[in-house]
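User: I am new to this structure and would like a close look at its interior. Please follow one part and its surroundings in a connected way, and explain each term as you go.

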Amino acid sequence: GLFLGDEFALGISGGFASPLAAELIRDADLVVGWGCALNMWTTRHGTLLGPAARVVQVDLEADAVGMHRPVDLGVVGDVAATATDVLAAIATRSRWREVPYDDLTDAAGIDPRTLSIGLDDVLPRERTVAVDSGNFMGYPSAYLAVPDEAGFCFTQAFQSIGLGLATGIGAALARPDRLTIAALGDGGALMAAAELETVVRLGLPMVVVVYDDRGYGAEVHHFPDADHTTVTFPDVDLAAVARGYGFEAVTVRAPSDLKGVADWVAGPRRAPLLVHAPIASDGGSWWLAEA
């Protein structure tokens with residue numbers, strides 16, 4: 001798709017387009033004119049519009065739509081407001097949560113995609129998401145929406161697990177106006193468990209989510225032929241551990257268990273919340289295999 005703007009700003013597109021820009025315009029499947037007339041100057045007498053292009057015109061004045069050339073779709077409305085609505089529709093359809101998948105939830109635990117979508121639904125939208133490292137890390141990164149770039153704290157450049165909780169604590173102190181969600185694997189959570197006391201002592205109303213695959217998932221999946229004795233763990237009741245530090249806690253093994261999270265969100269939030277989520281095996285995350 002190509003988006004044409006004001007006909008007086010045509011260095012990239014329209015009448016004053018460079019040869020390369022003109023070529024790209026002619027090859028476009030969709031051309032949207034935002035508040036421009038699509039007249040002889042904007043379209044070089046129509047030669048910029050390829051025969052296969054669908055043409056849409058957005059203008060505040062109804063009489064302007066289709067005045068100079070037929071269009072496939074005319075939209076009467078403020079350009080900025082219309083563009084905002086279009087962006088929201090495109091963003092909705094392009095989100096991971098809209099991609100169909102086979103839910104792996106079973107007796108062992110909840111599908112991490114199902115968990116993440118459920119958390120995205122019940123947690124407040126004004127949030128900061130801090131993500132630890134590990135096999136799980138793509139799920140909160142891909143499925144938990146954030147309001148802007150400042151709402152996402154990603155410490156993967158250090159290539160080290162165990163930093164996510166500390167990152168979340170820093171984010172919660174820096175942005176008390178937003179709910180901080182620290183997304184951890186069980187390995188990183190156990191490494192940093194002492195910092196749960198810090199969260200309680202500082203009175204931070206955080207949510208700590210532990211994607212528990214009962215081991216260092218990256219090593220288990222990335223090195224399938226290795227000896228996994230030292231990288232797999234027995235079941236640990238992380239909800240009980242968190243309560244010992246003063247957290248409220250809920251264990252989520254199925255979507256219905258997310259009601260406990262919703263109850264915390266609706267309640268007084270006198271203590272931080274830890275969500276212990278034993279997860280069904282995903283066989284190794286695609287981003288790990290790609291790496």
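Analyst:
**The cavities and their surroundings**

The structure holds two cavities of 30 Å³ or more, a cavity being a set of points on a 1 Å grid over the protein atoms alone where a 1.4 Å probe fits but cannot get out, with points joined across faces, edges and corners and the volume taken as the space filled by probe spheres set on them. This is a predicted model, in which local features need a pLDDT of at least 70 and side-chain atom pairs count only at pLDDT 80 or more, while totals for chains, interfaces and linings use all residues. Residues are numbered from 1 along each chain as its sequence is written, and side-chain values use heavy atoms, leaving out hydrogens and water.

The largest cavity has a volume of about 70 Å³. Its lining, meaning residues with an atom within 4 Å of a point, is made up of L165, L184, A189, L190, A193, L196, V208, V210, L238, V241, A242 and L274. The elements that contribute two or more residues to this lining are α7, β8 and α10, where helices are DSSP runs of H or I with at least four residues, strands are runs of E with at least two, and both are numbered from the N terminus. Helix α10 gives the largest share, namely three residues.

That helix therefore deserves a closer look: α10 covers residues 238-245, and within it L238, A239 and A242 are buried, a word used for under 20% relative accessible area, with exposed meaning over 50% and partly exposed what lies in between (1.4 Å probe, protein chains only). Viewed down the axis of α10, these buried residues fall within an arc of 105°, so they line one face of the helix; the arc is that of the directions from the helix axis to the C-beta atoms. The buried residues of α10 pack against α7 (186-191), α8 (195-201), β8, β9 (248-251) and β10 (273-278), where a contact means heavy atoms within 4.5 Å. Just after α10, G246 has a positive phi of about 110°.

From the cavity one can turn to the nonpolar cores, each a set of buried Ala, Val, Leu, Ile, Met, Phe, Trp, Tyr and Cys residues joined through side-chain atoms within 4.5 Å. The largest nonpolar core has 30 residues, of which L115, L119, L123, V207, Y211, V261 and V275 touch the most other members. At least two residues of this core come from each of α4 (112-122), β5 (127-131), α5, β7 (179-185), β8, α11 (259-266), β10 and α12 (286-290). Apart from it lies another core, of 19 residues, and L196, V199, L204 and L238 are among them. L196 and L238 are also among the residues that line the largest cavity.

Within the largest core, α4 is a natural next stop, because nine of its 11 residues are buried, so that it is largely enclosed by the rest of the structure. The buried residues of α4 are P112, R113, T114, L115, S116, I117, G118, L119 and D120, and they pack against β5, α5, β8, α11 and β10. One residue of helix α11 is V265, which is buried with a relative accessible area of 16%. V265 touches V122, L123 and P124, leaving aside residues up to four places away in sequence, and its C-alpha atom is separated by 7.7 Å from that of P124, although the two residues are 141 residues apart along the chain.

Strand β8, which meets both α10 and α4, also takes part in ring pairing. There are five aromatic pairs in the structure, counted when rings of Phe, Tyr and Trp (its six-membered ring) have centres within 6.5 Å, with planes under 30 degrees apart called stacked, over 60 edge-to-face and the rest tilted. Y139 and Y211 form a stacked pair, with 6.5 Å from centre to centre and 15° between the planes. Because Y139 lies in helix α5 (residues 138-143) and Y211 in strand β8 (residues 207-212), the pair ties together parts that are 72 residues apart in sequence. Y139 counts as buried at 6% relative accessibility, and Y211 is buried with a relative accessible area of 1%. Ring pairs also link F136 with Y139 and Y211 in a cluster.

Beyond β8, R214 is found in the loop between β8 and α9 (217-222). R214 counts as partly exposed at 21% relative accessibility, and its phi is near 60°, a positive value in a residue other than glycine.

How values were computed
On a 1 Å grid over the protein atoms alone, a cavity is a set of points where a 1.4 Å probe fits but cannot get out, and a pocket is an open set with protein on both sides within 12 Å along at least five of seven lines; lining residues have an atom within 4 Å of a point.
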